2 protein chains.
Amino acid sequence: MSQLLPAALLRAIDEIGRLPGVGARTAERYAYFLLRADAHANQKLADAIANLHSGVKTCPVTFALIDPDQDVSPLYSDQSRNKKLIAVVEEPLDIIALERTGQYKGTYHVLGGAISPIDGVGPEQLHIPELLERVKADDVEEIIIATNASVEGESTALFLQRHLIDADITVKMTRLARGIPVGVDLEYADQITLTHALEGRRLL
Amino acid sequence: MSQLLPAALLRAIDEIGRLPGVGARTAERYAYFLLRADAHANQKLADAIANLHSGVKTCPVTFALIDPDQDVSPLYSDQSRNKKLIAVVEEPLDIIALERTGQYKGTYHVLGGAISPIDGVGPEQLHIPELLERVKADDVEEIIIATNASVEGESTALFLQRHLIDADITVKMTRLARGIPVGVDLEYADQITLTHALEGRRLL
């Protein structure tokens, strides 16, 4: 097939095909779209991709993503935010999901993943020691474990809870509620979610 | 939200979000993947995108995509291919689909789209005059109209047929067969496809 398309187009299809969940057909579609797009717009996309690493730094306290000229995350340095409350998340983008609610005024701590033996991720690869340091340094009162509702997320939450108890840290630990999401009919909810919803039922 | 993520990451998410069918969440996922990927690999992707326009040319005869150092498409210059047989397709990538069959030994002609009044594409924007020239110059015997099975593709096929007749070109014109695709149960085939399959039935 190699001589059917120009080398430059094949190279673009190949490179775009590295993106997660992008198969050969989708990569072809993206590349062909870019080929018909304005060359100047493509240069902007290329620059944005090339400058991604140099333009992003990790906050040494919260491990959120920050600008290179920032020392710590503005979500931590902001005086109006409650430093005695930490939401522990797996990935930096999880912060955005919680911020979109507009309801959370504490700080964050990014673990950098979840415990997953299959993927070779153990607790030693996560930012857990730094969390313990923060708990002591900031005199933290509550840790909201906001890992995903996946097997890995649940394992990480459990590990974290035990690890903090073992380290003699007797801070209040909470977990995001599990239950029926808004707009979902009872008959379509799975058994585990329904069990969680029953267990977590609230007095009216 | 703007201060929640580094400017470089937001820019990448924005630019990636221009790709067709890529929403905000998918753009975030791609950008975050690239952020965790190797900087050298990202540079290769950026270069491939930036060099797309300079690395791709259009064949002046068939309007297929070719390398900048080629004069005409190798699918046309190849002596073993039958120049008296032309498959007319909408887009350059349609050529790949036909080549993958390994059954076609004629040449191609890319129209550059299909007639679509809604999108403002009329016959004058398609490479139809160049097709007429080729038909005369190469003494063409058959034109296979291989436009898509969409309303636009069918309209284009009909227009092309009439246009060639009006231009007193009495070449044999064929259309790709419509029928039941391989692996599809009769009960799931739509009425129009089934009608086509009945009309185009073949003697055993």
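A residue is called exposed here if 12 or fewer other C-beta atoms lie within 10 Å of its own, and buried if 20 or more do. Keep that cut-off in mind as you explore this predicted model.

**Stop 1: a helix with two faces**

Start by selecting residues 151-166 of chain A, which form helix α7. The helix has 16 residues and spans 22 Å from its first C-alpha to its last, close to the 22 Å expected at 1.5 Å a residue.

Now colour A:G153, A:T156, A:A157 and A:L160, which are buried. Why do they sit on the same side of α7(A)? They cover an arc of only 100 degrees around the axis, so they share one side of the helix. A general rule helps here: an α-helix has 3.6 residues a turn, so residues three or four places apart point the same way.

Next, show what covers those buried residues: the list includes β3 (82-89), α6 (128-137), β5 (142-145) and β6 (172-175) of chain A. Then look at the face turned away from the buried side, where you will find the exposed residues A:V151, A:R162, A:I165 and A:D166. Before you leave, click on A:D168, just after α7(A), where phi is positive at about 60 degrees.

**Stop 2: the sheet in chain B**

Move to chain B and select its four strands in the order β4-β3-β5-β6; they make an open sheet with parallel pairing. Which strands stand at the edges? They are β4 (106-110) and β6 (172-175) of chain B, and each has a single partner strand, so one side of each is left without a neighbour in the sheet. On average, neighbouring strands of this sheet are turned by 25 degrees against each other, direction ignored.

Zoom in on β3(B), residues 82-89, which pairs with β4(B) in the parallel sense over five bridges. To see one residue pair, pick B:N82 and its bridge partner in β4(B), B:G106.

Then add helix α7 of chain B, residues 151-166. This helix lies across β3, β5 and β6 of chain B, and runs at about 175 degrees to β6(B).

**Stop 3: where the chains meet**

Finally, show both chains together: 43 residues of chain A are in contact with 42 residues of chain B. On the chain A side, the elements giving two or more residues are α1 (7-16), α2 (24-36), α3 (39-50), β2 (65-66) and α5 (92-100). Select α3(A) for the greatest contribution, nine residues. Colouring this side of chain A by class gives 29 nonpolar, six polar and eight charged residues.

How values were computed: Residues are numbered from 1 along each chain as its sequence is written. Chains are lettered from A and ligands numbered from 1 in the order in which they are written. This is a predicted model: local features need pLDDT of at least 70, side-chain atom pairs count only at pLDDT 80 or more; totals for chains, interfaces and linings use all residues. Two residues are in contact if their C-beta atoms, placed from the backbone, lie within 7 Å. Ala, Val, Leu, Ile, Met, Phe, Trp, Tyr, Cys and Pro count as nonpolar, Asp, Glu, Lys and Arg as charged, and the others, Gly among them, as polar. Two strands pair if DSSP finds at least two bridges between them. Axes are lines fitted to C-alpha atoms, for helices over the stretch in contact, and angles run from 0 to 180 degrees between N-to-C directions. The expected span of a helix is 1.5 Å times one less than its number of residues. The arc is that of the directions from the helix axis to the C-beta atoms.
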